[in-house]
Amino acid sequence: MTPSRNAFTVDLEEWFHICASGLDALDPDHWDRLPSRVDLTTKLLLDLLDAAHVRATFFVVGWVAERHPGLVAAVRAAGHEIGSHSHLHRRVYELDAASFRTDLRASVRALIEAGAPTVTMYRAPEWSINDRSLWALDVLTDEGVRIDASMAPVKLVGSVRYPRYPHVRSTRAGPITEVPPLVADRFRHVMPIGWGWGLRMSSPRRVLRTIDAANRAGLPAVLTVHPWELDPHPPRVRLPARLQFAHYFCLGGFANRLSEVLRQASFGPIGDMTPVSGT
Ligand SMILES: [Zn+2]
């Protein structure tokens, strides 16, 4: 198989998997009573990827895999790769090492039961492996995870000091490859042009130019989306301002913009990405 230049990734979760501690309506105890949108929105995303001939890495929340094993099977059948996006979608830095390990194991068990062959890739909810939780990389490596995609090189959830491209980090349990999401410098800030509001508000042309600049420097770009970003009728919930922006800003027309990006650059799952020096 020809290695892909860039990686396309998906955090497969429900619309209510928002890290908002203190927001009672979104407490895990209430999740089973909230309307589920994940089947519909993931199928929209699978169709979009299929039309663009793109295979991707899906980081799946274990709680979702337990309730929708058929969805995990559909993702696999379409040729996509499966990783873990935790079990209960909690921020890693709000856990301790023991509860993080328990949550990781629960998610891996749910993914294997839903048909995933092995689980060696992980992405933390809300990019929550940062300076407050670097111990998590030791736990991941110790549990057999070889690729982590949880550290964002932006200020709000990570640090602008983090490397912007795949690199190997050493942990007490051995090496782990860290695969960060694409960012760009704009208006004297680092902007998440490869995911979230940054990807949704940018024109396909600007996103493609940023990807091209990375590729010309011999580096891969990593993009990521959530199924709920494609929901034609997203359920609304009142959130704190920052989360409101991250969750709802520029959803209109996003499927079309995303489609254009997918068709005009070369993407594959993380496992097929062209290795870069040091990995
Ligand atoms: Zn998430």
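The exercises below, each with a worked solution, concern a predicted model.

**Exercise 1. The zinc site**

Identify the protein donors of the zinc ion and describe how they are placed along the chain.

Solution.
- Step 1. The donors from the protein are Glu13 through OE, His85 through NE2 and His89 through NE2. They lie 2.0 to 2.1 Å from the zinc ion.
- Step 2. Written as a spacing along the chain, the donors give E-x71-H-x3-H.
- Step 3. Glu13 and His89 join distant parts of the chain, being 76 residues apart. Glu13 belongs to the loop between strand E1 (6–12) and H1, and His89 to the loop between strand E3 (81–84) and helix H4 (97–113).
- Step 4. Both Glu13 and His89 are buried.

**Exercise 2. His226**

Place His226 in the fold, and decide whether His226 is buried or exposed.

Solution.
- Step 1. The loop between strand E10 (222–225) and helix H8 (241–248) holds His226.
- Step 2. The relative accessibility of His226 is 13%. Buried means under 20%, so His226 counts as buried.
- Step 3. With neighbours within four places in sequence left aside, the contacts of His226 are Asp11 and Glu13. Glu13 is also one of the zinc donors.

**Exercise 3. Two helices against H9**

Describe how H1 and H7 each pack on H9: the axes, the handedness and the residues that meet.

Solution.
- Step 1. For helix H1 (residues 38–51) and helix H9 (residues 254–264), the axes come within 9 Å and cross at roughly 35 degrees. H1 passes H9 in a right-handed crossing.
- Step 2. On the H1 side the contact residues are Leu45, Leu48, Leu49 and Ala51; on the H9 side they are Ala255, Leu258, Ser259, Leu262 and Arg263. Sorted by class, this contact has 7 nonpolar, 1 polar and 1 charged residues.
- Step 3. Helix H7 (residues 204–216) packs on H9 at an angle of about 30 degrees, and the axes are 9 Å apart. The crossing of H7 and H9 is right-handed.
- Step 4. Here Pro204, Val207, Leu208 and Ile211 of H7 meet Arg257, Glu260, Val261 and Gln264 of H9. The classes are 5 nonpolar, 1 polar and 2 charged residues.

**Exercise 4. The nonpolar cores**

Find which residues of the largest nonpolar core touch the most other members, and which element gives the largest share of this core.

Solution.
- Step 1. The largest nonpolar core has 54 residues. Those that touch the most other members are Phe8, Phe58, Ile211, Leu223, Leu258, Leu262 and Phe267.
- Step 2. H1 supplies the largest share of this core, 5 residues.
- Step 3. Another core, of 15 residues, lies apart from it and includes Phe100, Ile129, Ala136 and Ile176.
- Step 4. For Ile211, the contacts beyond four places in sequence are Asn6, Leu182, Ala221, Leu223, Val261, Ala265 and Phe267. Ile211 is also among the H7 residues that meet H9.
- Step 5. As background, nonpolar side chains tend to be buried together in soluble globular proteins.

**Exercise 5. Helix H5**

Explain why H5 is described as largely enclosed by the rest of the structure, and list what covers its buried residues.

Solution.
- Step 1. Of the 8 residues of H5, 6 are buried, so H5 is largely enclosed by the rest of the structure.
- Step 2. The buried residues are Ala136, Leu137, Asp138, Val139, Leu140 and Thr141. Ala136 also belongs to the core of 15 residues.
- Step 3. The cover over the buried residues includes H4, E4, strand E5 (147–148), strand E6 (167–171) and strand E7 (174–178).
- Step 4. Just after H5, Gly144 has a positive phi of about 95 degrees.

**Exercise 6. Positive phi outside glycine**

Compare the settings of Glu126 and Arg188: where does each lie, and is each buried or exposed?

Solution.
- Step 1. Most residues other than glycine have a negative phi.
- Step 2. Phi is positive at Glu126, near 50 degrees, and at Arg188, near 60 degrees.
- Step 3. Glu126 sits in the loop between strand E4 (121–122) and helix H5 (135–142). Its relative accessibility is 17%, so Glu126 counts as buried.
- Step 4. Arg188 sits in the loop between strand E8 (184–186) and strand E9 (189–191). Arg188 is exposed, because its relative accessible area is 88% and exposed means over 50%.

Terms used:
Residues are numbered from 1 along each chain as its sequence is written. This is a predicted model: local features need pLDDT of at least 70, side-chain atom pairs count only at pLDDT 80 or more; totals for chains, interfaces and linings use all residues. Side-chain values use heavy atoms; hydrogens and water are left out. Axes are lines fitted to C-alpha atoms, for helices over the stretch in contact, and angles run from 0 to 180 degrees between N-to-C directions. Helices (H or I, at least four residues) and strands (E, at least two) are DSSP runs, numbered from the N terminus. A crossing is left-handed if the near helix is turned anticlockwise from the far one by less than a right angle, and right-handed if clockwise. Contact means heavy atoms within 4.5 Å. Ala, Val, Leu, Ile, Met, Phe, Trp, Tyr, Cys and Pro count as nonpolar, Asp, Glu, Lys and Arg as charged, and the others, Gly among them, as polar. Donors are N, O and S atoms within 2.8 Å of the metal (3.2 Å for Na, K and Ca); water is not among the atoms, so sites may look incomplete. Buried means under 20% relative accessible area, exposed over 50%, partly exposed in between (1.4 Å probe, protein chains only). A nonpolar core is a set of buried Ala, Val, Leu, Ile, Met, Phe, Trp, Tyr and Cys residues joined through side-chain atoms within 4.5 Å.
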